[in-house]
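Grab a pencil and work through these exercises with the model open beside you. Try each task before you read its solution.

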Amino acid sequence: MIEYRPATPADGPALDAMARKIWLETFERFTAPDNIAAYFAEAYGPDGKLIRDLTNPDVAWRIACDRGEIVGYAKLTPPFLPDPAMTQGAAQLSQLYVAGSHHGAGIAQALMAWAADTARAGGATALLLTVFEKNPRAIRFYEKFGFVHIGDYDFPVGDQVDRDLIMRLAL
């Protein structure tokens, strides 16, 4: 049975390891090893953004655990996109990751429902996210929830710049 709960700083190492694994499974084939190393140096590890955000009061977390193992998570943040007209009144789903071993178990749907409910409860009128243009599974998932493509975002991975789609869901 899947248990859902807020993430705590104590979850940091396990959450970090799980996120790294999923990132590699999803994006490694698109990225050179030196760019992966540069990105991981910023995003992961004991001084990385993921672990730092566990203590950030502006970031909301929901993790999914199967027999104590973290198998998914969602991270809700204030918008970081540069266009104020696009971000006004919105919250941003910065990450939604589910382990491949648990695809099809309803975890992504539960985490998405949590993100929308949490954003709405915080007064947001929209939920934004960015998704890599070469991740059709994720794009289809977001479209099923009603997200629409409203723009593009340059996502740096080392010295490589990937095109992410900016998607929006009216709440």
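**Exercise 1. Check the radius of gyration of the chain against the rule for a compact globule.**

Step 1: get the rule. The radius of gyration is taken over C-alpha atoms, and the globule rule is 2.2 Å times the number of residues to the power 0.38.

Step 2: put in the chain length. With 171 residues, the rule gives a value near 16 Å.

Step 3: compare. The chain comes out at 15 Å, which agrees with a compact globule. If you'd like the spans too, the C-alpha trace covers about 40 × 35 × 30 Å along its principal axes.

Before you go on, keep in mind that this is a predicted model, where local features need pLDDT of at least 70, side-chain atom pairs count only at pLDDT 80 or more, and totals for chains, interfaces and linings use all residues. Residues are numbered from 1 along each chain as its sequence is written, and side-chain values use heavy atoms, with hydrogens and water left out.

**Exercise 2. Work out how many helices and strands the chain has, and in what order they run.**

Step 1: know what counts. Helices (H or I, at least four residues) and strands (E, at least two) are DSSP runs, numbered from the N terminus.

Step 2: count them. You should find 6 helices and 7 strands.

Step 3: write the order from the N terminus: β-α-α-α-β-β-α-β-α-β-α-β-β.

**Exercise 3. Describe how much of the chain is buried, and how its contacts are spread along the sequence.**

Step 1: set the cut-offs. Buried means under 20% relative accessible area, exposed means over 50%, and partly exposed is in between (1.4 Å probe, protein chains only).

Step 2: apply them. Of the 171 residues, 47% count as buried.

Step 3: turn to contacts (heavy atoms within 4.5 Å). Take those with a separation of 6 or more: 61% of them join residues 24 or more positions apart.

**Exercise 4. Find the residues that touch the most other members of the largest nonpolar core.**

Step 1: define the core. It is a set of buried Ala, Val, Leu, Ile, Met, Phe, Trp, Tyr and Cys residues joined through side-chain atoms within 4.5 Å.

Step 2: look inside. The largest core has 52 residues, and Leu127 and Tyr142 touch the most other members. Helix H5 (residues 107-121) gives the most to this core, with 8 residues.

Step 3: look for another. Apart from that core lies one of 7 residues, among them Leu81, Met86, Ala90 and Tyr153.

**Exercise 5. Decide whether Asp53, Thr87 and His102 are buried or exposed, and list what they touch.**

In each step, skip residues up to four places away in sequence when you list the contacts.

Step 1: Asp53. This residue sits in helix H3 (residues 49-53). Its relative accessible area is 6%, so Asp53 is buried. Asp53 touches Val59, Trp61 and Lys75 beyond its sequence neighbours. Pro9 is 44 residues from Asp53 in sequence, yet their C-alpha atoms are 8.9 Å apart.

Step 2: Thr87. You'll find Thr87 in helix H4 (residues 84-87). At 14% relative accessible area, Thr87 is buried. Its contacts outside the four-place window are Pro79, Leu81 and Leu128.

Step 3: His102. This one is in the loop between strand E4 (90-98) and H5. His102 has 14% relative accessibility, so it counts as buried. Setting aside residues up to four places away, His102 touches Ile2, Asp66, Val71 and Ile107.

**Exercise 6. Now sort Arg67, Ala10, Arg120 and Asn56: exposed or partly exposed?**

Step 1: Arg67. It lies in the loop between strand E2 (60-66) and strand E3 (69-77). With a relative accessible area of 76%, Arg67 is exposed. Check its phi as well: near 50 degrees, a positive value in a residue other than glycine.

Step 2: Ala10. Look in the loop between strand E1 (2-5) and helix H1 (12-27). Ala10 reaches 72%, so it is exposed.

Step 3: Arg120. This residue belongs to helix H5. Its 42% makes Arg120 partly exposed. Glu69 is 51 residues from Arg120 along the chain, and their C-alpha atoms are 29 Å apart.

Step 4: Asn56. It is in the loop between H3 and E2. At 26%, Asn56 is partly exposed.
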